[in-house]
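User: I would like to learn how to read the features of a model like this one, step by step. Could you take me through it, giving the general idea and then the case at hand?

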Amino acid sequence: MKKKYIAIIASVIFLVWAGSGWAINTWINASYRGTFGDMFGAVNALFSGFAFAGLIYTIGVQRQELKSQNKSIDMQTDEMKIQVSAIKMQTEELALQREAIQMQTEELALQRKAIEMQTLETARSADQLEGQKNLSNLQTAMSVVNDLIRTKNKRMEGITVSAGSGWIKGTDAFGHLSEVGLGVWVNERTLESYLNLFYYILTFINEYDLKEEQKKLLRDLLNVDTSNEELKVIYRALGNDQHRMGLFTSSGFLTRYKKIK
């Protein structure tokens, strides 16, 4: 209740009390005032009973309010317990999610490691395949070059040169040509076939799919199978052919020719 209403009720009670005293003194004879006052004893008892009943009612109301408050507090407590349980469940769920993320991270790390190993294995396999390919190319090229060298030697044996009153052929013919030059009579078609085949071998080595050290191996193979006399005749037959001179030089034959000249 507001303070204003309490003050109004207290003022009314005070005025009734003061007015009753004034009315008794004014209208009641002095000899009857005591008797008249005793008449209000039962009224006082009645009002005291009403006051006591009001007090009991107030206590009951307060007790109900306390029960309601206790019930509200119990409900709030239960709600807080539910919230605490929910928070606990969320915490446990977050912990499970963190463990799941950690397991996924470890799994991804293992997958990455597996991919790296596969990549290394693939690279190793690619290197092995590349090595096998290079070896196969070298074996094929060496077989072809050996066959071409044998063909070159056969064509060299078929070359005939006039020497004095007779004829010489093959290795002796090349020895004679290396001494006197190409001015003597020689079956030019056979010689040209020999020279073409020699430069074809060099071209094949340069253009075949080989590494440089493998090409050098094949050039050395041809170099070993070419005599000094052949080399002199080949150089003299070059003339102004720049393409053949380039092949002759890049293959190392010019350096050898200068040493034996």
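Analyst: Let us begin with a single side chain: K216 is partly exposed, because its relative accessible area is 48%, and the model we are reading is a predicted one. The general idea is that side chains of opposite charge can pair when their charged atoms come close. In this case K216 and D220 meet in a salt bridge, with 3.2 Å from N to O, and D220 is partly exposed as well, at a relative accessible area of 33%.

User: Where do K216 and D220 lie, and how many residues apart are they?

Analyst: The general idea comes from helix geometry: an α-helix has 3.6 residues a turn, so residues three or four places apart point the same way. Here K216 and D220 both belong to helix 6 and are four residues apart, which is about one turn of the helix.

User: Before we go further, what is the secondary structure of the protein as a whole?

Analyst: The protein has nine helices and two strands, and along the sequence they follow the pattern α-α-α-β-β-α-α-α-α-α-α. Of its 261 residues, 20% count as buried, while the accessible surface comes to about 19,300 Å², 60% of it belonging to carbon and sulfur atoms. When contacts with a separation of 6 or more are considered, residues 24 or more positions apart account for 66% of them.

User: How many salt bridges are there in the count, and which parts does the one between D209 and K133 tie together?

Analyst: The count comes to seven salt bridges. In one of them the side chains of D209 and K133 meet at 3.8 Å, N to O. D209 lies in the loop between helix 5 and helix 6 (212-224), whereas K133 lies in helix 3 (residues 41-157), so the pair ties together parts that are 76 residues apart in sequence. D209 is partly exposed, with a relative accessible area of 48%, and K133 is partly exposed too, at 43%.

User: Are E230 and K152 buried or exposed?

Analyst: Both E230 and K152 are buried, and they form a salt bridge whose closest N and O atoms are 3.0 Å apart. This pair links distant parts of the chain, since E230 is in helix 7 and K152 in helix 3, 78 residues apart. The pairing also has a third member, for K152, D225 and E230 are linked in a network of salt bridges.

User: What is the nearest side chain of opposite charge to R256?

Analyst: It is E229, 7.2 Å away, and R256 is buried yet has no salt bridge; the cut-off that settles this is 4 Å between a side-chain nitrogen and a carboxyl oxygen. R256 lies in helix 9 (residues 253-260), and, leaving aside residues up to four places away in sequence, R256 touches N223, T226, S227, N228 and L231.

User: How should I read the segment after helix 9, where K261 has its place?

Analyst: Here one compares burial with position. K261 is exposed, because its relative accessible area of 75% is over the 50% cut-off. K261 and L231 are 30 residues apart in sequence, and their C-alpha atoms are 9.9 Å apart in space.

User: Which residues of helix 8 are buried, and where do they fall around its axis?

Analyst: The buried residues of helix 8 (residues 242-250) are R244, L247 and F248. Seen down the axis of helix 8, they fall within an arc of 100°, so they line one face of the helix. These buried residues pack against helix 5 (188-207), helix 7 (228-236) and helix 9, while the face turned away from the buried side carries the exposed residues Q242 and S250.

User: What should I look for at the ends of helix 8?

Analyst: At the N-terminal end, helix 8 is capped by D241, a side-chain oxygen of which lies 3.2 Å from the backbone nitrogen of H243. After helix 8 comes G252, whose phi is positive, near 90°.

User: As a last case, is N134 buried or exposed, and what does N134 touch?

Analyst: N134, found in helix 3, counts as buried because its relative accessibility is 9%, which is under the 20% cut-off. Not counting residues up to four places away in sequence, N134 touches K211 and Q214.

Notes:
Residues numbered from 1 in each chain as written. Predicted model: local features only at pLDDT ≥ 70, side-chain atom pairs only at ≥ 80, totals over all residues. Heavy atoms only, no water. Buried < 20%, exposed > 50% of the residue type's maximum accessible area, 1.4 Å probe, protein only. Lys, Arg positive; Asp, Glu negative; His and termini not counted. Contact = heavy atoms within 4.5 Å. Areas by Shrake-Rupley, 256 points an atom, 1.4 Å probe, with all protein chains shown as cover. Arc of directions from axis to C-beta. Polar contact = N/O pair within 3.5 Å; in protein donor to acceptor, adjacent residues only side chain to side chain.
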